[in-house]
Amino acid sequence: MQTNIRICYSKTPLTISDRNDILFLESLSKCIKRKVGSPLLEKKTNIYWLFILPGCLFLTFFMLIPLFSLLFKSFVDEGGAFSLTNYLTLMESTYFKQVFWRSIRLSLVSTAVCAVLGFPTAYYISKYSQNKGVLMALAVFPMFTSPVIRSFSWMVLLGKKGIVNDLLVSLGIVAKPVSLLYNEFSMVVGFIQLFLPLMILSLIGVMDNISEDLNLAAGSLGASRIGVFRHVVLPLSIPGLVTGSVLVFTGCLTAYTTPQLLGGTDTRVLATMIYQQAMSLGDWTQASVVAVIMIVVTIAVSTVINKVSRKLNPTI
């Protein structure tokens, strides 16, 4: 049996009559590839590491090291020994319990309202709008404004001499101006305006990938518009709804500027409590404990939302 093999850089074929010679050449070519290719691969890998290195260093020095130092400080008592005293003391505080549950409640309410308002808005922009780019720009436009400016705008609108109270009094709904500022209501309003664009963008990104043929197929099989929405649109939109919910909940739970300006001193949340403990009272240990609890709660709620979404839509 003769086999013609054309060796690289050679114009004349080499005739080999022995199978052992063929196996020898194959092993030789593999050795050459390993010897020649590995330095090139190593050079490419080194170049990739050079690209990744600045980001890794930035995250290490400005996120990981402060985070672990914060975690370490929360588990150390005054004598420098490991202890859970800081957590137990905080858990027994009635003030902390009120602040904690208020933060969770306001974050969940804001997330639910953003989902209710954002879903139909995103569906209209994705499926029916002729000016999709303009509407998306309008939806994202509030994000270009500082949260401080937006909070001051709501202070003007919701104040006792603001436009909302003037409208309520002029319509005869209330006899005198009501308190719409420096309470939970004003904080929820600020959260919704602050994070609703994130919910809309998350849903639009998913709804754009839902083929219109699926809706037509469901309609041709006898499904009503409500049935198409319930069995086709809503299940396929769950990934965007989950992403938006996680972003909104995390943002509401960790926001500082909006609750500080719209909530006042009597309506504390976890973020403003951290500032109070660290900057006003000078108790950095308690501030570290509250920060760690906030991080744990954020991760736990995000995990629960993902698990619930997988049960509703196993394909996620």
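Of the 316 residues in this protein chain, 34% count as buried. Keep in mind, everyone, that this is a predicted model. The accessible surface of the chain comes to about 20,100 Å², and 68% of that surface belongs to carbon and sulfur atoms.

Now the overall layout. There are 12 helices and two strands, and if you read along the sequence, the two strands come before the helices. Contacts between parts far apart in sequence matter for the picture here: if you take the contacts with a separation of 6 or more, 67% of them join residues 24 or more positions apart.

Let's go inside. How many residues does the largest nonpolar core have? It has 26, and Phe191, Phe195, Ile200 and Met207 are the ones with the most contacts inside it. Three elements give two or more residues to this core: H3, helix H7, which covers 184–207, and helix H9, which covers 225–254. H7 gives the most, with 12 residues.

Phenylalanine 191 is a good residue to click on. Setting aside residues up to four places away in sequence, phenylalanine 191 touches Leu106, Ser110, Leu196, Cys252, Ala255, Thr258 and Pro259.

You'll have spotted Ser110 in that list, so let's look at this serine from its own side. Serine 110 sits in helix H3, residues 94–127. Is serine 110 buried or exposed? It is buried, because its relative accessible area is 0%, and under 20% counts as buried. Beyond its neighbours within four places in sequence, serine 110 is in contact with Val188, Phe191, Ile192, Val248 and Cys252.

There is also a second, separate core, this one of 22 residues, and among them are Tyr87, Phe100, Ala271 and Met273.

Let's follow Ala271. Alanine 271 lies in helix H11, which runs over residues 270–280. With a relative accessible area of 9%, alanine 271 is buried as well. Once its neighbours within four places in sequence are left aside, alanine 271 is in contact with Thr254, Ala255, Tyr256 and Met294. If you'd like a distance to try in your viewer, go from alanine 271 to valine 99: they are 172 residues apart in sequence and 9.7 Å apart in space, C-alpha to C-alpha.

What about the rest of that helix? Eight of the 11 residues of H11 are buried, so H11 is largely enclosed by the rest of the structure. The buried ones are Leu270, Ala271, Thr272, Met273, Ile274, Gln276, Gln277 and Ala278. Which helices do they pack against? The partners are helix H2 (85–91), H3, H9, helix H10 (257–263) and helix H12 (284–312). After H11 comes glycine 282, and its phi is positive, near 70°.

One last stop, back at H7, for a pair of helices. Helix H5, residues 147–158, and H7 have axes that come within 11 Å and cross at roughly 135°. That angle makes H5 oblique to H7, and the crossing is right-handed. On the H5 side, the contact is made by Pro147, Arg150, Trp154 and Leu158. On the H7 side, Phe185, Ser186, Val189, Gln193 and Leu194 take part.

To wrap up: H7 gives 12 residues to the largest nonpolar core and also crosses H5, while H11 is largely enclosed and its Ala271 belongs to the second core. Thanks for listening!

Note on methods
Residues numbered from 1 in each chain as written. Predicted model: local features only at pLDDT ≥ 70, side-chain atom pairs only at ≥ 80, totals over all residues. Heavy atoms only, no water. Helix = DSSP H or I, 4+ residues; strand = E, 2+ residues; numbered from the N terminus. Buried < 20%, exposed > 50% of the residue type's maximum accessible area, 1.4 Å probe, protein only. Contact = heavy atoms within 4.5 Å. Areas by Shrake-Rupley, 256 points an atom, 1.4 Å probe, with all protein chains shown as cover. Core = buried A, V, L, I, M, F, W, Y, C linked by side-chain atoms within 4.5 Å. Axes fitted to C-alpha atoms, helices over the stretch in contact; angles between N-to-C directions. Parallel < 35°, antiparallel > 145°, perpendicular 65-115°, else oblique. Left-handed = near helix turned anticlockwise from the far one by under 90°.
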